[in-house]
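Biologist: Let us walk through this model together. I will ask, and you reason it out.

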Amino acid sequence: MLVVALSCLQGRPMRAAFDELVPLGDGVQLTPGNLPTPGFAAHVANAHALVHHGFAFDARRTPV
(Lines give C-alpha, C1' and ligand atoms only; values in the text may rest on other atoms or scores of the structure.)
Protein backbone atom coordinates (compact mmCIF):
# COMPACT_ATOMS: atom_id res chain seq x y z
CA MET A 1 0.00 0.00 0.00
CA LEU A 2 1.39 3.38 -1.00
CA VAL A 3 -0.01 6.50 0.64
CA VAL A 4 1.30 9.79 -0.74
CA ALA A 5 1.59 12.86 1.53
CA LEU A 6 -0.25 16.00 0.48
CA SER A 7 2.83 17.99 1.50
CA CYS A 8 4.74 16.47 -1.44
CA LEU A 9 3.21 19.42 -3.30
CA GLN A 10 3.61 21.84 -0.40
CA GLY A 11 2.56 25.42 -1.03
CA ARG A 12 -0.07 24.56 -3.65
CA PRO A 13 -3.80 24.80 -2.99
CA MET A 14 -5.04 21.69 -1.14
CA ARG A 15 -7.56 20.63 -3.77
CA ALA A 16 -5.16 20.95 -6.71
CA ALA A 17 -2.41 19.05 -4.87
CA PHE A 18 -4.84 16.32 -3.77
CA ASP A 19 -6.22 15.83 -7.28
CA GLU A 20 -2.71 15.54 -8.70
CA LEU A 21 -1.58 13.01 -6.07
CA VAL A 22 -4.62 10.69 -5.99
CA PRO A 23 -3.65 8.69 -9.10
CA LEU A 24 -0.11 8.08 -7.79
CA GLY A 25 -0.94 5.81 -4.86
CA ASP A 26 -3.55 3.95 -2.86
CA GLY A 27 -4.45 7.02 -0.81
CA VAL A 28 -3.35 10.47 0.27
CA GLN A 29 -2.26 11.48 3.75
CA LEU A 30 -3.55 14.95 4.54
CA THR A 31 -0.52 16.78 5.92
CA PRO A 32 0.08 20.45 6.74
CA GLY A 33 1.77 22.82 4.31
CA ASN A 34 -0.78 23.47 1.59
CA LEU A 35 -2.99 26.51 1.07
CA PRO A 36 -6.56 25.97 2.32
CA THR A 37 -9.22 25.44 -0.33
CA PRO A 38 -12.91 26.17 0.32
CA GLY A 39 -14.94 22.95 0.31
CA PHE A 40 -11.88 20.72 0.58
CA ALA A 41 -13.33 18.57 3.41
CA ALA A 42 -16.32 17.70 1.23
CA HIS A 43 -14.02 17.10 -1.76
CA VAL A 44 -12.07 14.37 0.07
CA ALA A 45 -14.97 12.92 2.09
CA ASN A 46 -15.32 9.80 -0.11
CA ALA A 47 -11.65 9.34 -0.95
CA HIS A 48 -9.10 7.17 0.84
CA ALA A 49 -7.42 9.86 2.91
CA LEU A 50 -5.51 9.58 6.17
CA VAL A 51 -5.25 12.64 8.41
CA HIS A 52 -1.91 13.69 9.94
CA HIS A 53 -2.23 15.06 13.49
CA GLY A 54 -1.04 18.52 12.38
CA PHE A 55 -3.44 18.87 9.45
CA ALA A 56 -6.33 21.35 9.40
CA PHE A 57 -8.83 21.92 6.59
CA ASP A 58 -8.88 25.67 7.19
CA ALA A 59 -5.23 26.47 8.00
CA ARG A 60 -1.88 26.00 6.35
CA ARG A 61 -0.44 24.72 9.62
CA THR A 62 -1.57 24.20 13.19
CA PRO A 63 0.31 23.78 16.47
CA VAL A 64 1.06 20.17 17.39
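Biologist: In which sense do β1 and β2 pair, and over how many bridges?

Modeller: Keep in mind that this is a predicted model. One pair across the two strands is A5, which stands opposite Q29 in β2. Strands β1 and β2 run in the parallel sense, and the count of bridges between them is three.

Biologist: Through which helix does the chain cross from β1 to β2, and is the crossover right-handed or left-handed?

Modeller: The chain leaves β1 and passes through helix α1, residues 14-21, before it reaches β2. That makes a β-α-β crossover, and its hand is right-handed.

Biologist: Which residue of β3 is the bridge partner of L30?

Modeller: Strand β2 covers residues 27-30 and pairs with β3 in the parallel sense, over three bridges. One of the facing pairs is V28 opposite A49 in β3. For L30, the bridge partner in β3 is V51.

Biologist: Which strands stand at the edges of the sheet, and why is one side of each left without a neighbour?

Modeller: The sheet is open and has three strands, in the order β1-β2-β3. Each edge strand has a single partner strand, so one of its sides has no neighbour in the sheet. The edge strands are β1 (3-5) and β3 (49-51).

Biologist: By how many degrees are neighbouring strands of this sheet turned against each other on average?

Modeller: The pairing in this sheet is parallel. Still, neighbouring strands are turned against each other. With direction ignored, the average is 30°.

Biologist: Why do the buried residues of α1 line one face of the helix?

Modeller: Buried means under 20% relative accessible area. In α1, M14, A17, F18 and L21 are buried. Look down the axis of α1: its buried residues line one face because they fall within an arc of 100°.

Biologist: What covers the buried residues of α1?

Modeller: Start with the residues in question: M14, A17, F18 and L21 are buried in α1. Two strands and a helix are part of their cover. It includes β1, β2 and α2 (40-44).

Biologist: Which residue forms a salt bridge with E20?

Modeller: The count of salt bridges comes to one. In that bridge, the closest N and O atoms are 2.7 Å apart, which is within the 4 Å cut-off. The partner of E20 is R12.

Biologist: Are E20 and R12 buried, partly exposed or exposed?

Modeller: Partly exposed lies between the cut-offs of 20% and 50% relative accessible area. E20 has a relative accessible area of 44%. R12 is at 35%. Both values lie between the cut-offs, so E20 and R12 count as partly exposed.

Note on methods
Residues are numbered from 1 along each chain as its sequence is written. This is a predicted model: local features need pLDDT of at least 70, side-chain atom pairs count only at pLDDT 80 or more; totals for chains, interfaces and linings use all residues. Side-chain values use heavy atoms; hydrogens and water are left out. Two strands pair if DSSP finds at least two bridges between them. Helices (H or I, at least four residues) and strands (E, at least two) are DSSP runs, numbered from the N terminus. Axes are lines fitted to C-alpha atoms, for helices over the stretch in contact, and angles run from 0 to 180 degrees between N-to-C directions. A salt bridge is a side-chain nitrogen of Lys or Arg within 4 Å of a carboxyl oxygen of Asp or Glu. Buried means under 20% relative accessible area, exposed over 50%, partly exposed in between (1.4 Å probe, protein chains only). A crossover is right-handed if, with the strands pointing away from the viewer, the path from the first strand over the helix to the second runs clockwise. The arc is that of the directions from the helix axis to the C-beta atoms. Contact means heavy atoms within 4.5 Å.
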